[in-house]
Amino acid sequence: LNKRQALSLFGNDISPIVLEVEFQTKDRLRFRLYDPNKQRFEVPLKINGPGVTAEEANYEVEFSDDATHFTIKRKSTGTVLWDSPLVDLFFSNQFLQITTTVPSTSVYGFGEHEHPTFKHNMDFVTYGMFSRDQAPTSFANLYGVHPFYMCVEPDSNAHGVLLLNSNAQDVTLSPNPSLTFRTIGGILDFYLFTGPTPESVVQQYTEAIGRPHMPAYWSLGFQLSRWGYGSLDVLKETVDRMKHYDIPYDVQHYDIDYMERRLDFTYDKVNFAGLPEFMKELKKDGKHNILILDPFITKDEEPGTYRAYELGQEMGVWVNNSDGVTPAVGQAWPPGDSVFPDYTNPRTVEWWTQLCLELKDVLDYDGIWIDMNEPSNFMRGQIPGCADNEINYPPYTPS
């Protein structure tokens, strides 16, 4: 695709860009827009398809002669599922935008938002997406990012579309009806699933991104959890009350109260003295125990006293600043300042697994409650603030 005549919104346009279309399965099409001359960040999720011919596919792809439109149609009905006027396409270093018409206003999805209704309002509504630890409020960036929507077509067929991009982004729903996607990094990498029922759209989607984990049978039982038990005595009273009133009860959770000063991989030997024995008692009674772990680690304990930090430091598992060596520092539940494990680093997986195994020898848990695993920091930015550059302060800030 060649350069537009007019200047883009934020400069640093990339030209040329490639539009690559991949016929992955008869129901799944991938199309991506990327810079052929420079590797940009791509979500490290490999979605491969066996590949099919145009004849076998349930969709048709058209590229208008004057290269102004890129269109995808449902073969059986001719319904246009995707239509991008390429004059509205922006592909610059920190601003990528593409618009498509949708065949109806029955649009669902973009999960992890507090939506007033399942079916979206298309009256120029914008949803921002950037994973962060924030309690649910309308139109805010919440715990997860799901840039996936499903559209039910006028004849009740359904299709779904995933934008595989994990940079800060937003999507605007307009009454045309149309959708405009904007992101400030990576590439535009779309997957279209042709259904045609809502159920088969979801099946095709999870076939691509991975099926849900099959949970342990016991974890489907009745569970009890709260922050603020304060001590093992209070917890014991709670358990006794459950028994007294014959309330169904299979799993007990332990929030950060059980930890010594909110330090991961420890337990409070004063307020929760006897916790290892208590957990064993519950297990004998046929119940299961789930411990919370928060993925940030204080760096300010006395040297040699906090294994989780010392081992992580030794193995080099923290998220670093842009210099690549100094760990980024913030604040969270533990006392002092915290560093943050980088779970994209295979060594971090070793470190975390090792500590979980050691903890299991002390507190015989059945499951782990992974809390605050989306980026969480009680400060604005890190100590001593974020460098004044285009990565931290992008020219366009999504909603």
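**A note on Ile297 and its chain**

1. Let's start with one residue. Ile297 has 0% relative accessibility, so this residue counts as buried, the cut-off being under 20% relative accessible area. Please keep in mind that the model you are looking at is predicted.

2. Where does Ile297 sit in the fold? You will find Ile297 in strand S18, which covers residues 297–298.

3. Which residues does Ile297 touch, once neighbours within four places in sequence are set aside? The contacts of Ile297 include the aromatic-named entries Tyr306, Tyr309, Trp318 and Trp351. Asp264, Ala308, Asp337, Ser338 and Val339 are also in contact with Ile297.

4. Arg262 is another residue to locate from here. Between Ile297 and Arg262 there are 9.7 Å in space, taken from C-alpha to C-alpha, while the two are 35 residues apart in sequence.

5. Now for the whole chain. The protein chain has 399 residues, and 45% of them are buried. Its secondary structure consists of 5 helices and 21 strands. The C-alpha trace spans about 75 × 50 × 40 Å along its principal axes.

6. How do contacts in the protein chain relate to sequence separation? Taking contacts between residues at least 6 apart in sequence, 64% join residues that are at least 24 apart.

7. Finally, the surface and the charges. About 20,700 Å² of the protein chain is exposed, with 54% of that area supplied by carbon and sulfur atoms. The protein chain carries 32 positive and 55 negative charges, and the mean positions of these two sets are 1 Å apart.

Definitions and conventions. Residues numbered from 1 in each chain as written. Predicted model: local features only at pLDDT ≥ 70, side-chain atom pairs only at ≥ 80, totals over all residues. Heavy atoms only, no water. Helix = DSSP H or I, 4+ residues; strand = E, 2+ residues; numbered from the N terminus. Buried < 20%, exposed > 50% of the residue type's maximum accessible area, 1.4 Å probe, protein only. Contact = heavy atoms within 4.5 Å. Areas by Shrake-Rupley, 256 points an atom, 1.4 Å probe, with all protein chains shown as cover. Lys, Arg positive; Asp, Glu negative; His and termini not counted. Charge placed at Lys NZ, Arg CZ, Asp CG, Glu CD.
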